Amino acid sequence: MRSIRGVAAAPGVVRGPWVHIEPSAIVAGGRIDPANADTERSRLDAAIAAAAGQLDRIAERVAADGHADEAAIFSAQAAIARDPALVALAEERIRASDDAIAAIQAAAGGVADQLRGLGDELLAARAADVLDVAHRIARQLAGLGNEPAAGLDRPAIVVATDLPPSVTANLPRDRLLGIALEGSSATAHAAILARAYSIPAVVGATGLLA
C-alpha cells in the first residue's frame, strides 16, 4: 500500500469510489489581419459580457444557498472579467494581430505570472482566478458557451490536479463525497467552497494521480 500525504483543506473523513476530472482543453487562439482588429475587439467585448453574466448568475445561486461570503468569489471573478486593465492588455494584443482568443489568454497569462511572482500564497491563488476567467471568455469566443458540467453518475470522491471554482460550485453535491487534489492549496477557492459546503477535501497530495 502506498501512502500519499496532502494538506487538509476541509474537515471530515470519507471513503468511496473516485472519479478523475480532467481540465477542459485550452482553446487555441490565432492571428488576424490588422484590418480586422475592430471586429475582434467587438467580439472580445461581447464574450466578456457573456462570461461576466455567467459568473454573476453563479454568485446569485451560491448566495441563495446561504453562502454569501463564498458567492463573493464569483462576483470577484465577474469583476476580473470586466477589469479595464485586463481588457486594455488584451486590446493591445489584438492591435498586435492576435485574435481575441489569443489576446485574452496572453493578457491573463501575463497578469497571472505577475501575481505568482510576488511569492504570496493568496495572490498565487488569485492568479488561478485570472486564468479561469480568461478560459471562460475564450470558450465564449470559440462558441463553446458554458464550462462543460462535471458529471457524477454515482456518489464519488473527485480527484484532479486542481478544480476551478466554477467547476467546484457546479458539482452535484448530493453525489460529491469528497475532493482530493494533487495541486492547489488550502487558500484556493476550491478549498474555500469545500469548507462552505462541508465537503471533506485534501489538497497538495503529490503523486495522487499517478
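This is a short chat about a sheet and some helices in a predicted model.

Reader: What kind of model is this, and which pLDDT cut-offs apply?
Author: It is a predicted model: local features need pLDDT of at least 70, side-chain atom pairs count only at pLDDT 80 or more, and totals for chains, interfaces and linings use all residues. Residues are numbered from 1 along each chain as its sequence is written, and side-chain values use heavy atoms, with hydrogens and water left out.

Reader: Ok, the sheet. What is the strand order?
Author: The order is β1-β5-β4-β3-β2. It is an open sheet of five strands with mixed pairing. Strands here are DSSP runs of E, at least two residues, and helices are runs of H or I, at least four residues; both are numbered from the N terminus. Two strands pair if DSSP finds at least two bridges between them.

Reader: Which are the edge strands?
Author: β1 and β2. Each pairs on one side only.

Reader: How are neighbouring strands turned against each other?
Author: By 25 degrees on average, direction ignored. Axes are lines fitted to C-alpha atoms, for helices over the stretch in contact, and angles run from 0 to 180 degrees between N-to-C directions.

Reader: What holds strands together in general?
Author: Strands of a sheet pair through backbone hydrogen bonds, either parallel or antiparallel.

Reader: And β3 and β4, parallel or antiparallel?
Author: Parallel, over five bridges. Ala156 has Leu176 in β4 as its bridge partner.

Reader: How many bridges join β2 to β3?
Author: Three. β2 covers residues 18-20, and the two strands run parallel. Trp18 stands opposite Ile157 in β3.

Reader: What about β4 and β5?
Author: They pair in the parallel sense over two bridges. Ile179 has Ala201 in β5 as its bridge partner.

Reader: Back to β3. Are its residues buried or exposed?
Author: Buried, five of five, in residues 156-160. Buried means under 20% relative accessible area, exposed means over 50%, and partly exposed is in between (1.4 Å probe, protein chains only). Both faces of β3 are covered. Ala156, Val158 and Ala160 are on one side, with Ile157 and Val159 on the other.

Reader: New topic: α7. How many of its residues are buried?
Author: Six of the eight, so α7 is largely enclosed by the rest of the structure. The buried ones are His189, Ala190, Ala191, Leu193, Ala194 and Ala196.

Reader: What do they pack against?
Author: Their partners are β1 (7-10), α2, α5, α6 (165-170), β4 (176-181) and β5 (201-203). Contact means heavy atoms within 4.5 Å.

Reader: Which strands does α7 lie across?
Author: β1, β4 and β5. α7 runs at about 55 degrees to β1.

Reader: How do α2 and α7 cross?
Author: The axes of α2 (residues 68-81) and α7 (residues 189-196) come within 10 Å and cross at roughly 155 degrees. That makes α2 roughly antiparallel to α7. Angles under 35 degrees count as roughly parallel, over 145 as roughly antiparallel, 65 to 115 as roughly perpendicular, and the rest as oblique.

Reader: Which residues meet there?
Author: Glu70, Ile73 and Phe74 in α2 meet His189, Ile192, Leu193 and Ala196 in α7. They divide into five nonpolar, one polar and one charged. Ala, Val, Leu, Ile, Met, Phe, Trp, Tyr, Cys and Pro count as nonpolar, Asp, Glu, Lys and Arg as charged, and the others, Gly among them, as polar.

Reader: What follows α7?
Author: Ser198, whose phi is positive, near 55 degrees.
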